[in-house]
Amino acid sequence: MVDATANDPQIVNEPQVADAGTLKAQLARATRRQKLMALGLTAPLVLFVLISFVYPIGAMLVRGFYDTQVQQILPNTAKVIGNWNGEGLPDEEVWEAFVQDMQVGAQEKTIGKFALRLNFVLPGTRSLVMSSARKVKRADLSEVENFQEYLTDIKEKWGEREVWAVIQRLSDSIQYDYYANAIDMRINADGDFVMQPEKQRIYVTLFIRTLWMSALVMGVCLVLAYPLAYWLSVLPMRISNLLMIMVLLPFWTSLLVRTTAWISLLQEQGIINDIIVGLGIVGDESRVRMIYNEMGTIIAMTHILLPFMILPLYSVMRTIPPSYMRAARSLGATQLTAFVRVFMPQTAAGVGAGSLLVFILCIGFYITPALVGGQRGQLISNLIAAHIQTTQNWSLAAALGAILLAGVLICYWLYNKLIGVDNMKLG
Amino acid sequence: MAGNGASGDYAVRFEAVQKSYDGEILVVKDLNLDIARGEFLTMLGPSGSGKTTCLMMLAGFEPATHGEIFLNDNPINNVPPHRRGIGMVFQNYALFPHMSVAENLAFPLQVRKMNKSDTEARVKRALEMVELGAFGGRRPAQLSGGQQQRVAVARALVFEPDLVLMDEPLGALDKQLREQMQYEIKHIHENLGVTVVYVTHDQSEALTMSNRIAVFNDGVIQQLSSPEDLYEHPDKSFVAQFIGENNKLHGTITKIDGKKSCEVALDDGQTVKALPVNIAGVGEKTMLSLRPERVVVNPKRGECPSVMDAKIEELIYLGDHIRTRMRVGDHDDFIVKVPNTYGHEPLKEGAKTKIGWHTEDARALDWYTGTIDPGMDD
Amino acid sequence: MAPPPYAGTGERVWYYGFRTFCCSILLFLILPIVIVMPLSFNVQPYFSFTSEMFGFDNCTGEFRPFSPSTIETSVRAGSSVSDEGVQHCLNERIRIWEKTQQEDGLAGTAWVGDGALSEAFSIRWYMNIFTKGMVNPELEQFTGAWWSDSWSNSQWLHSLRNSVFIAVFATLLSATLGTLAALGLSQANMPYRNLFMGLLISPMIVPIIITSVGLFFFYNTVNIPYFYPDGLNFKYLGIILAHALLGTPFVVITVTATLLGFDRSLIRAGLNLGARPQTVFFKIIMPLILPGIISGALFAFITSFDEVVAVIFMAGYEQRTIPRQMWAGIREQINPTILSVATILVLISICLLATVEMLRRRGERLRGLSPQ
């Protein structure tokens, strides 16, 4: 048999506890190749996401406070107005630079943008700029001796310190007005943050409405999804797989198709109204308005997001062995007590995952509110789109987007903290 | 047969190998081990003792953080797993589920660019070796556990490696099938003459199959010897307790009489004689290890140098022997196996008796206080 | 399935009430999707059922271009009712025809045949998909010339081509990048795993409006000499890249989940048997995770195929997709053509869902086979 002692002079050594530092270094060396390989595989997508997602969004957010528009329209003024200490009126060089810039701006038709921007902060100054620009446009500036007098002769209002203070502030490339605007505030001529006039306060209301509606949709989804997911999880696998198709099919169906379907169901000449009129519940003349308002948005969004709530709940509930409930029953608990005390606490992770996901998707919703929301069912995303497409106030859109994004990222962070992104499941 | 022990004639050599997963705790601490050509060596130990890690380092799936491993005299730390040419049977067999049995077996030959007819012949031979000739077209999932196990063994051997590693290959089988497979693997080893490194936590498996057993604990080989030696002559308390059943008596060395005998004062005051094996010196604590079948009940006068009073607490009738639990000193878990021989004196629960032993049967070992998980849960 | 024998009245009510509630939620989920199908066969340009639709009758007939003369011949030929009835039917049909002519200015098609059914159902809205935008809608239907006019000029077919083209390339891109990334993310030694995972999933989380606006500005500033000197807006490449970005999280999630259930010892077994890492990847890993990759790719495909916001911002008329066309349809002139397109999309969704379910079960079966 085997000669056990001949070739093992030193089988057992005393365990050496290596110095932790060198051990770590050895480990790092031994696993570096695998690390590099893992990173290498992930790198293409990470780069793609960084370049075509993170950077564009970052650049858009910068647009919300970095604004060189006035600098570009009034290049000379911007250079010299920084020297003014803000007291009294600026020096002659500023006036001269301003009038020259104004002439160029009037000729190149860029002065209008400046007028708008100034008017944005100091209401009523648009006509001041535009009418002065018309006069300056064709003037021979070489004959002007005193530019301050020249300008105040055209419009007396140029002599107000406030106007120049605002121009000085707008010449800076960093502007906070848009962010202030996004929370219904403005920066007045003195540079202080003040609330907008009552009737111009729309954004905070809209943010609150977005949050409130998202919370409502989340709540309705939870109330509908929890019992259904429970029922599906206790049914035999064969039947529940079949019924799950009814949950998954909406998940796979185009958002526009589902929204269209809801229009056909909910509109005043739609199917539901036809039915209740047909049943004589309401008269033909008093059909219920269920769409193009908050109600339409909530119904359609609940329908669209319900699968996102059902799926995580179902997958958590499936993994809870029925023996827990049976144990509780055998220990004397009623069905209800067993459910509340034993079953429900174990589904907390699913509730968290589903609720946060629905909430996150809800506050960024755009298509459905735009189509079925009417005036009162619009969410913040719709307003951002409107500022891009209609009013062209891109900086304000960027500021609103930044606030929305911050909200979403907080929820996402919370999701990651509580549930972990790698536990996200689809279908 | 295997292991003639000449220096340099080994299949595998571990030289000062260390391994850490987290950079803080060493799971393998300075391992030195030579495995002879053709040997069946088992790494035995409780879970977390580092035995599987050693196997993974040998197969190339875990890099050693320190030290070098040699395969046939060549260092292999920088050889990727697929160029090592080592066969391996995995714990869950790792049969490719999307390939048929024959495709699984042909895989190692195909990647070695063997021609088609040779491949087929070899696959056929390998399947016949494990008596699954008719199952080549089946998917692994269509086989029973035992059949899958055989396919895994055949796949590890089909490309004729010199060395085969087995990582608890029988763990998923039931007891009867496990015993049958033990013999089959043993016979395959004997017929082919390959070197086998086998990892298990099941001591009976290790004792049945191995030429040598390396008992692992806490990242260190506690003892490396043949199955008989391991059972009959454990060097360490851990080994004595891990292999087979063992009675422990704690005490202090009072006197050493050469190499064959020493006196130990037990914790309850009696003084007994034992064989000094692994003791520090007079005045040091020690643990005596006594196998239950070596204890003499009611010894004749002068038969045993050490005799103690005992009280029979419980009798369990097991057919060939009667397992007797006794109170000896302050322990009430002293086990004695009384053979069911002709005319042996009947025992009664509650009766008082005496026990004794021959000095060489009580081995004085190191003082070991760690708990032992023999890993016999399945 | 019945309540236990010891259940009291209250429990019985609860038992059946609970099930009714659950079934009605399932109905709530599925009904809006099913309802578009019958509506899309409406004769009238409404989003609602007409009373005729409930009066089913046997029918025989054929499709003919819709005009007063064909109506008259068909009604007289196919109807067995009295002259008075025929006249009434005729007038009613001509009224409907005139009305729809005014509304969409198009020649429709009608089911010409037996009286009762022909009044209720029609596939004119499906024909509209082919005819809307045709240069010469008067051509005889289903002839070669008609098909070629339809193929090259129909707005819907044009958008369909765009949708498929964009979705296919976006899917290829996101499936490739997403699978590679998922393979990297599931390596045991991946550093900052959670951080990277969070980053790669975020395109799914960040509101689409923010992504679209950001990309719209970004594409304006991009300048790729020779190829895209004026940026990527109103270019196919821009939309493909945007859709690929939106699709990658789905691929990453599904493939990572598949790899989670993947028995790592199979890789080790492959290497141990002498296969090079590349061989192991293509012969062992790929076949086993392929169902996951395909599921992820289908998710990415449907994401692109459905996507409308990015298209609104960065596509020109040339790059219009089906959802963009529907969006315009819903906002501008709403008629059941949208419903017929919706019906077709639902059928596509059903096919995709069936494929994914099949793959999932196949994957489970394969994995269930390996002993645990």
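## A walk through chains A, B and C

Start in chain B and select helix 4: its buried residues pack against strand 6 (87-89), helix 2 (101-110), helix 3, strand 7 (163-167) and helix 5 (175-192) of chain B. Keep in mind as you click around that this is a predicted model.

**Stop 1: helix 4 of chain B**

Which residues of this helix are the buried ones? Colour B:Gln148, B:Gln149, B:Arg150, B:Val151, B:Ala152, B:Val153, B:Ala154, B:Arg155, B:Ala156 and B:Leu157. That makes 10 of the 13 residues of helix 4 buried, so the helix is largely enclosed by the rest of the structure. Now put a distance between its two end C-alpha atoms. You should get 19 Å, which agrees with the 18 Å that 13 residues should span at 1.5 Å a residue.

**Stop 2: B:Gly136**

Step back along the chain to the loop between helix 3 (116-129) and helix 4 (145-157) of chain B, and pick out B:Gly136 there. Buried or exposed? Neither quite: B:Gly136 counts as partly exposed because it has 19 other C-beta atoms within 10 Å, and being buried takes 20 or more.

Next, show what B:Gly136 touches. Leaving out residues up to four places away in sequence, the contacts are B:Ser100, B:Val101, B:Ala102, B:Val123 and B:Leu127. Try B:Ala102 for a distance label: B:Gly136 and B:Ala102 sit 34 residues apart in sequence, yet their C-alpha atoms are 4.5 Å apart in space.

**Stop 3: the sheet in chain B**

Switch to cartoon view and look for the open sheet of 4 strands in chain B, which run in the order 2-1-4-5 with antiparallel pairing. Strand 2 (26-36) and strand 5 (74-75) are the edge strands, each pairing on one side only. If you turn on hydrogen bonds, remember that strands of a sheet pair through backbone hydrogen bonds, either parallel or antiparallel.

Now zoom in on strand 1 of chain B. Here 8 of the 11 residues are buried, so strand 1 is largely enclosed by the rest of the structure. Go through its two partners in turn:

- Strand 1 and strand 2 of chain B pair in the antiparallel sense over 7 bridges. Select B:Ser20 to find its bridge partner in strand 2, B:Leu26.
- Strand 1 (residues 10-20) and strand 4 (residues 66-71) of chain B are also antiparallel, over 5 bridges. Select B:Val12 here, and its bridge partner in strand 4 is B:Leu71.

Before leaving, follow strand 1 into strand 2. The two form a hairpin with 5 residues between them. Click on B:Gly23 in the turn, where phi is positive, at about 80 degrees.

**Stop 4: chain A as a whole**

Hide chain B and bring up chain A, with its 20 helices and 2 strands. Zoom out until you can see the full extent: along the principal axes, the C-alpha atoms fill a box of roughly 115 × 95 × 35 Å. How does the radius of gyration of chain A sit against that of a compact globule of 427 residues? The globule would be near 22 Å, but chain A has 33 Å. Colour by burial and you'll find that buried residues make up 40% of the chain's 427. On a contact map, take the contacts with a separation of 6 or more: 70% of these are between residues 24 or more positions apart.

Then colour chain A by its domain assignment, which gives domain 1 (40-65), domain 2 (69-173) and domain 3 (203-423). Between the C-alpha centres of domain 1 and domain 2 of chain A there are 39 Å.

**Stop 5: where chain A meets chain C**

Add chain C to the view. Here 72 residues of chain A are in contact with 74 residues of chain C. Which element gives the most on the chain A side? Select helix 1 (residues 20-63) of chain A, which contributes 20 residues. By type, the side of chain A that touches chain C divides into 50 nonpolar, 17 polar and 5 charged residues.

**Last stop: domains of chain C**

Finish by colouring chain C by its domain assignment: domain 1 (1-39), domain 2 (51-153) and domain 3 (155-369). The C-alpha centres of domain 1 and domain 3 of chain C lie 36 Å apart. Their contact takes 4 residues from domain 1 and 5 residues from domain 3 of chain C. On the domain 1 side, the residues are 4 nonpolar, no polar and no charged.

Technical notes: Residues are numbered from 1 along each chain as its sequence is written. Chains are lettered from A and ligands numbered from 1 in the order in which they are written. This is a predicted model: local features need pLDDT of at least 70, side-chain atom pairs count only at pLDDT 80 or more; totals for chains, interfaces and linings use all residues. The radius of gyration is taken over C-alpha atoms; the globule rule is 2.2 Å times the number of residues to the power 0.38. A residue is buried if 20 or more other C-beta atoms lie within 10 Å of its own, exposed if 12 or fewer, and partly exposed in between; C-beta atoms are placed from the backbone. Two residues are in contact if their C-beta atoms, placed from the backbone, lie within 7 Å. Ala, Val, Leu, Ile, Met, Phe, Trp, Tyr, Cys and Pro count as nonpolar, Asp, Glu, Lys and Arg as charged, and the others, Gly among them, as polar. Domain bounds come from an automatic or database domain assignment. The expected span of a helix is 1.5 Å times one less than its number of residues. Two strands pair if DSSP finds at least two bridges between them.
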